[in-house]
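Me: I would like a close look at one loop in this model, and then how that part fits with the rest of the chain.

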Amino acid sequence: MIKSIDKDQCTDILKNNYLGYLSYVSNNSPYSIPITYYFNEKENYIIFYSGLGHKINSMRKNISISLAVADIFAANKWQSVLAHGKYDEISGGTAKLYLHEFSLGIKSIILRKEYKDMDYISDFSSKIYNQDIPIVFLIRIDEMTGKMRS
């Protein structure tokens with residue numbers, strides 16, 4: 001049986017994962033792409049970064065976006081959350097702070113969930129000190145909905 005889950009369960013799914021599907025609209029067509037994220041539970045936003053391209057240009061034009069995250073244990077046992085909100089591009093020194101938070105947050109989740117240190121985490125960190133700072137953006141969450149099947 002599929003049932004709705006409450007906000008606390010949605011929050012748990014978001015804060016215990018770092019991979020999801022970002023959805024946005026471009027030229028009246030929906031797009032959904034895999035992306036790495038970090039959820040700041042206290043402030044209720046999700047941090048991402050990207051190079052300039054189709055998704056950034058599209059989100060600058062239509063700021064309504066969402067992130068879907070799922071824990072799939074079996075075909076008949078899963079839980080998922082959909083976080084809706086607005087695209088908020090961050091720039092300058094503030095972007096470096098968010099990128100640093102992203103890096104530390106992802107590393108913490110990987111160490112906790114996967115019990116290993118990942119070499120690629122240093123790639124995130126190195127962007128902080130580089131002149132070539134990627135585009136950092138947030139979803140400031142307006143609404144979360146979730147479902148589960150157990």
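In which loop does Asn 44 lie?

Reply: Asn 44 lies in the loop between strand E4 (38-40) and strand E5. The model is a predicted one, and every statement below should be read with that in mind.

The backbone at Asn 44 has a positive phi of about 60 degrees, although the residue is not a glycine. Most residues other than glycine have a negative phi. The relative accessibility of Asn 44 is 26%, so the residue counts as partly exposed, since the cut-offs are under 20% for buried and over 50% for exposed.

Asn 27 also has a positive phi without being a glycine, in this case about 50 degrees. It lies in the loop between strands E2 and E3. Its relative accessible area is 73%, which means that Asn 27 is exposed, whereas Asn 44 is partly exposed. The setting of Asn 27 is a hairpin: E2 and E3 are separated by two residues, and Asn 27 is in the turn. The two strands, E2 (residues 19-26) and E3 (residues 29-36), run antiparallel and are joined by eight bridges. One of the pairings puts Tyr 21 opposite Pro 34, its bridge partner in E3.

The loop of Asn 44 leads to E5 (45-50), and E5 is among the elements that each supply at least two residues to the largest nonpolar core. This core has 25 residues, of which Leu 14, Ile 46, Phe 48 and Leu 67 touch the most other members. Other contributors of at least two residues include helix H1 (7-15), E2, helix H2 (54-61) and strand E6 (64-74). Strand E8 gives the largest share, six residues. Nonpolar side chains tend to be buried together in soluble globular proteins.

Leu 14 shows how parts of the chain meet in this region. Beyond its neighbours within four places in sequence, Leu 14 is in contact with Ile 46 and Leu 67, and also with Tyr 37, Phe 39, Val 69, Val 81, Ala 83, Ile 141 and Met 144. A second core, separate from the one above, has 15 residues, among them Ala 95, Phe 102, Ile 110 and Val 136.

Ala 95, Phe 102 and Ile 110 are also among the buried residues of helix H3. This helix covers residues 92-114, 23 residues in total, and spans 33 Å from its first C-alpha to its last, close to the 33 Å expected at 1.5 Å a residue.

A polar residue is buried as well. Asp 71, found in E6, has a relative accessibility of 14%, so it counts as buried. Its side chain makes a polar contact of 3.2 Å with that of Asn 17. Not counting residues up to four places away in sequence, Asp 71 touches Asn 17, Ile 13, Trp 78 and Gln 79.

For the chain as a whole, the elements are four helices and eight strands, in the order β-α-β-β-β-β-α-β-β-α-α-β from the N terminus. Of the contacts with a separation of 6 or more, 71% are between residues 24 or more positions apart. Buried residues make up 39% of the 150 residues. The chain exposes about 8,600 Å², and carbon and sulfur atoms supply 50% of that area.

Key: Residues numbered from 1 in each chain as written. Predicted model: local features only at pLDDT ≥ 70, side-chain atom pairs only at ≥ 80, totals over all residues. Heavy atoms only, no water. Expected span 1.5 Å × (residues − 1). Buried < 20%, exposed > 50% of the residue type's maximum accessible area, 1.4 Å probe, protein only. Contact = heavy atoms within 4.5 Å. Areas by Shrake-Rupley, 256 points an atom, 1.4 Å probe, with all protein chains shown as cover. Pairing = 2+ DSSP bridges. Core = buried A, V, L, I, M, F, W, Y, C linked by side-chain atoms within 4.5 Å. Polar contact = N/O pair within 3.5 Å; in protein donor to acceptor, adjacent residues only side chain to side chain.
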